[in-house]
Amino acid sequence: MKDGELPWDLPKPFVIEVLVGPDQIDELGHTNNVHYLGWLQDCAWAHSAARGVDGQRMVALGYAMAVRETRMHYLAATFAGDRLRVGDWITACDGRLRAQRSFQIIRESDRFTVMRAVLDYVCINISSGKPSRMPPAFVTAYADDVRSSAI
């Protein structure tokens, strides 16, 4: 199935594919919620790398985007063997300090959205851990890719 055939909330998501493994199933028989956060993180890192700002580049620049707030809405359970598409969009970036990503996870078999999430980020100086103005590479990677309105 092609990503364009799925019912994405916004056009042109950055997408990774996930196969739910048996080791991700909890005592209740479905995917434990901790794994969803990991998939969002994997998608965000892959998207940043695709935009030219991977972890090594962040360290070299001395800046990173740190999560400030996470809002996750679970809409349906997933199970071992489910193929999921995790899509994200940079939906806000002020070009100075803050950015936001919106996520959608779709189960491939029935095209059902099993989760939506929004993560807010703040740019930090890695050595001090304090908020800091985004370097030009971040502005290019994040502000130039915004799919929605400003923060």
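Here is a quick look at the overall build of this chain and at its largest pocket.

First off, this is a predicted model. The chain has 3 helices and 5 strands, and walking along the sequence you meet them in the order β-α-α-β-β-β-β-α.

How does the radius of gyration fit with a compact globule? For 151 residues a compact globule would come out near 15 Å, and the chain has 16 Å, so the two agree. The C-alpha trace spans about 45 × 30 × 25 Å along its principal axes. Sequence-distant partners feature heavily in the contacts: take those between residues at least 6 apart in sequence, and 72% of them join residues at least 24 apart. Buried residues account for 42% of the 151. As for the outside, the accessible surface is about 7800 Å², with carbon and sulfur atoms holding 52% of that.

Now for the largest pocket, with a volume of about 280 Å³. It is lined by 15 residues, and Ala44, Trp45, Met65, Val67 and Tyr121 are the closest to its centre. Which element gives the largest share of the lining? That is α1, with 5 residues. The elements that each supply at least two lining residues are α1 (33–50), β2 (63–74), β4 (98–107) and β5 (112–125).

Sorted by class, the lining of this pocket looks like this:

| Class | Lining residues |
|---|---|
| Nonpolar | 11 residues |
| Polar | 3 residues |
| Charged | 1 residue |

So much for the pocket: a helix and three strands of the predicted model feature in its lining, each with at least two residues.

How values were computed:
Residues numbered from 1 in each chain as written. Predicted model: local features only at pLDDT ≥ 70, side-chain atom pairs only at ≥ 80, totals over all residues. Heavy atoms only, no water. 1 Å grid on protein atoms, 1.4 Å probe; cavity = no way out; pocket = protein on both sides within 12 Å on 5 of 7 lines; lining within 4 Å. Points joined across faces, edges and corners; volume = space filled by probe spheres on them. Helix = DSSP H or I, 4+ residues; strand = E, 2+ residues; numbered from the N terminus. Nonpolar A, V, L, I, M, F, W, Y, C, P; charged D, E, K, R; others polar. Rg over C-alpha atoms; globule rule 2.2 N^0.38 Å. Buried < 20%, exposed > 50% of the residue type's maximum accessible area, 1.4 Å probe, protein only. Contact = heavy atoms within 4.5 Å. Areas by Shrake-Rupley, 256 points an atom, 1.4 Å probe, with all protein chains shown as cover.
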